[in-house]
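Hi everyone, thanks for making time this morning. I'd like to walk you through one model, so let me put it up on the screen.

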Amino acid sequence: MIIPIDAVDTETLHSLVEAFVLREGTEYGAEDVTMETKVTQVLDALKSGEAVLVYSELHESVDIRPKGDVTSQSESAEEE
């Protein structure tokens with residue numbers, strides 16, 4: 001289930017994004033990128049709709065996914 005970012009408290013959203021960045025260990029190439037820059041990039045992706053917050057009822061967790069991944073998974077589930 002996709003959670004609209006407007007439905008999440010600002011501090012909670014920031015904490016979710018920080019946890020995501022730490023968990024994902026994203027690779028940014030040869031340059032060091034600060035934690036705050038990474039968080040800002042993910043927040044921007046959420047605000048622009050490139051990424052979405054997804055709640056998993058099965059795992060009782062929230063994740064951040066590219067919107068295309070979520071749409072593709074939803075379409076696959078509907079076809080079954």
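Let's begin in the middle: the buried residues of helix α1 are covered by elements that include α2, β2 and β3. One thing to keep in mind as we go is that this is a predicted model.

Which residues of α1 are buried? They are Leu13, Val17, Phe20 and Val21. These residues cover an arc of only 95° around the axis, and that places them on the same side of α1. If you turn to the face pointing away from that buried side, you'll find the exposed residues Glu11 and Leu22.

Now a quick geometry check for those of you who like one. With 15 residues at 1.5 Å a residue, α1 should span 21 Å, and its end C-alpha atoms are 21 Å apart, so the two agree. At the N-terminal end, aspartate 9 acts as a cap for α1, with a side-chain oxygen 3.1 Å from the backbone nitrogen of glutamate 11.

On to the sheet. It is open, with 3 strands in the order β1-β2-β3 and antiparallel pairing. β1 (2–3) and β3 (61–66) are at the edges with a single partner strand each, so each has one side without a neighbour in the sheet. Strand β2, residues 51–56, runs antiparallel to β3 and is joined to it by 6 bridges. Along that pair, valine 54 sits opposite aspartate 63 in β3.

And how do the helices sit on it? Helix α1 (residues 10–24) packs on the sheet, touching β2 and β3, and its direction makes about 70° with that of β3. Helix α2 (residues 35–48) packs on the sheet too, touching β2 and β3, with its direction at about 85° to that of β2.

Note on methods: Residues numbered from 1 in each chain as written. Predicted model: local features only at pLDDT ≥ 70, side-chain atom pairs only at ≥ 80, totals over all residues. Heavy atoms only, no water. Pairing = 2+ DSSP bridges. Helix = DSSP H or I, 4+ residues; strand = E, 2+ residues; numbered from the N terminus. Contact = heavy atoms within 4.5 Å. Axes fitted to C-alpha atoms, helices over the stretch in contact; angles between N-to-C directions. Expected span 1.5 Å × (residues − 1). Buried < 20%, exposed > 50% of the residue type's maximum accessible area, 1.4 Å probe, protein only. Arc of directions from axis to C-beta. Polar contact = N/O pair within 3.5 Å; in protein donor to acceptor, adjacent residues only side chain to side chain.
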